[in-house]
Amino acid sequence: MKNLFCILGICLIITSCTSSVYYQMYQTKALTNDITVNDDAIVFEDDNCIISYDFWGENGDIGFDIYNKNSENLYLHLDECFFVKNGYAYDYYQNRIFSSSSTSVLSASISYTSGSFSAAEKRIICIPPQSSKIVSEYTINEQPYKDCDIVFYPGKKDNNTLDFTKDNSPIVFGNKLAYSIGDSETIIRINNDFYVSKISNYPIDLIMIEVPVEICGKKIPYKTERVFKNSGPTQFYIQYNYDYRYDDKPNNPMYYEQY
C-alpha cells in the first residue's frame, strides 16, 4: 500500500509539471521551382492564372484561390482535378447533391436557387476575367506523426524536431489541376507538389504566447489572447492532448504499469 501511494504521488508530481496540450508543427516545401513563397501565400503562376495557397491552420488546408489573368473565361475542370497524398488521389468533383433551406453558405462548385433548394455540385467552375474563386475540400494531415527519434511529449530540453528531404518525407502531397480558356478544347494541366520538410512537437507554453486583445488598434484593458509565436503559409499544425498511456518518457511509472 505504501508503495502504491508513492507511485501515485510521483504520478501527481509528473502530471502537474507536464503540459496537457501539445502541438505538432509542420513545415513544408515545394517540390518544383515554379512555386514562390511570400509572407501571405504560396504562389504558382502561368500565362493564364495565379494559384495561391495558405496551409496555415489545424491539419493544413490544401484548398486554393485561382485567379484568372486572361481576357476570356477560365474553366476549371473539377472532374479532372485531384488532391494527391503519398500517391493516393482524391477527387475534387464527387457528383454530390446538397440540400438546404438557406442560401447563405455555398462554394464555387455549387449552383443553387433561393429558398429551400437542392444544389448540384458543378463539374466545371467558370472564373470570369480578372477575378478569382476559392476551391477547398481537403486537409493535408489529421493524425499526429509518431517516430522513435522524436519525443511525442517533449520538455524544454528534449529532441522535438525531425528534418526530412523530399526522398524520405512521410508526407508528399499536392494538387493536380486542369483548366481550359474560353472556347478552346485544349486542357491545360498543372501539378502543384509539396512535401513535409520538418515536424516539431511542442508543449503549448513553448509554441504560444499571451498578447493583449486589440480592437481597431486599441488595446482592451485586462484582455489577452493566446497566439502562435510563429506562423506562415507553408506551415500547419495538429493539436493533441497528453495521454499517460502513450507517454514516451521512461521516468513515467504509469508507463510501466500500463505495459
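The exercises below, each with a worked solution, concern a predicted model of one protein chain.

**Exercise 1. Overall make-up**

Task: State how many helices and strands the protein chain has, what share of its residues is buried, and what share of its contacts is long in sequence.

Solution.
- Step 1. Count the secondary structure elements: the protein chain has three helices and 18 strands.
- Step 2. Take the burial: 37% of the 259 residues count as buried.
- Step 3. Restrict the contacts to those with a separation of 6 or more; residues 24 or more positions apart account for 65% of these.

**Exercise 2. The open sheet**

Task: Give the strand order of the five-stranded open sheet and identify its edge strands.

Solution.
- Step 1. The order is β2-β3-β4-β5-β12, with antiparallel pairing.
- Step 2. The edges are β2 (35–37) and β12 (132–135), since each of these pairs on one side only.
- Step 3. From one strand to the next, the twist averages 25 degrees.
- Step 4. To place β12 in the sheet, look at its pairing with β5 (residues 64–68), which is antiparallel and has four bridges. Within this pairing, I66 has K133 of β12 as its bridge partner.

**Exercise 3. Strand β1 and its two partners**

Task: Decide whether strand β1 is largely enclosed or not, and find which strands it pairs with.

Solution.
- Step 1. Strand β1 covers residues 21–30, and seven of its 10 residues are buried, so the strand is largely enclosed by the rest of the structure.
- Step 2. One partner is β18 (residues 235–241), joined to β1 by seven bridges in the antiparallel sense. Here Y23 stands opposite Q239.
- Step 3. Another partner is β15 (residues 188–203), also antiparallel, with nine bridges. In this pairing Y22 has P203 as its bridge partner.

**Exercise 4. Strand β6 and its two partners**

Task: Find the strands that pair with β6 and name a bridge in each pairing.

Solution.
- Step 1. β6 (residues 74–77) pairs with β11 through four bridges, in the antiparallel sense. L74 is matched with I127 of β11.
- Step 2. β6 also runs antiparallel to β14 (residues 172–181), with three bridges between them. L76 is matched with Y179 of β14.

**Exercise 5. A glutamate in a loop**

Task: Locate E121, classify it as buried or exposed, and list polar contacts of its side chain.

Solution.
- Step 1. E121 lies in the loop between β10 (117–120) and β11 (124–127).
- Step 2. Its relative accessibility is 6%, and the cut-off for burial is under 20%, so E121 counts as buried.
- Step 3. The E121 side chain reaches the backbone nitrogen of Q94 at 3.2 Å.
- Step 4. The E121 side chain also has a polar contact of 2.8 Å with the side chain of R96.

**Exercise 6. Aromatic rings**

Task: Classify the ring pair Y92 and Y138 by geometry and place both residues in the chain.

Solution.
- Step 1. The count of aromatic pairs is 24.
- Step 2. In the pair Y92 and Y138 the centres are 5.5 Å apart and the planes make 70 degrees; planes over 60 degrees apart count as edge-to-face, so this pair is edge-to-face.
- Step 3. Y92 sits in the loop between β8 (88–91) and β9 (97–100), and Y138 in the loop between β12 and β13 (161–163); the two are 46 residues apart, and the pair links distant parts of the chain.
- Step 4. Both Y92 and Y138 are buried.
- Step 5. Ring pairs join these two residues into a cluster with Y53, F55, F64, F83, Y90, F173 and F194.
- Step 6. A ring can also face a charge: the charged end of K146 sits over the ring of F152, 4.7 Å from its centre.

**Exercise 7. A buried loop residue**

Task: Describe the surroundings of I171.

Solution.
- Step 1. I171 is in the loop between β13 and β14.
- Step 2. With 6% relative accessibility, I171 counts as buried.
- Step 3. Leaving out residues up to four places away in sequence, I171 touches Y26, K85, N86, I140, N141, F194, Y195 and V196.
- Step 4. T28 is 143 residues from I171 along the chain, yet their C-alpha atoms are separated by 9.4 Å.

Notes: Residues are numbered from 1 along each chain as its sequence is written. This is a predicted model: local features need pLDDT of at least 70, side-chain atom pairs count only at pLDDT 80 or more; totals for chains, interfaces and linings use all residues. Side-chain values use heavy atoms; hydrogens and water are left out. Two strands pair if DSSP finds at least two bridges between them. Axes are lines fitted to C-alpha atoms, for helices over the stretch in contact, and angles run from 0 to 180 degrees between N-to-C directions. Buried means under 20% relative accessible area, exposed over 50%, partly exposed in between (1.4 Å probe, protein chains only). A polar contact is a pair of N or O atoms within 3.5 Å; within protein, one must be able to donate a hydrogen and the other to accept it, and residues adjacent in sequence count only if both atoms are side-chain atoms. Rings of Phe, Tyr and Trp (its six-membered ring) pair if their centres lie within 6.5 Å; planes under 30 degrees apart count as stacked, over 60 as edge-to-face and the rest as tilted. A charge sits over a ring if NZ of Lys or CZ of Arg is within 6 Å of the ring centre and within 35 degrees of the ring normal. Contact means heavy atoms within 4.5 Å.
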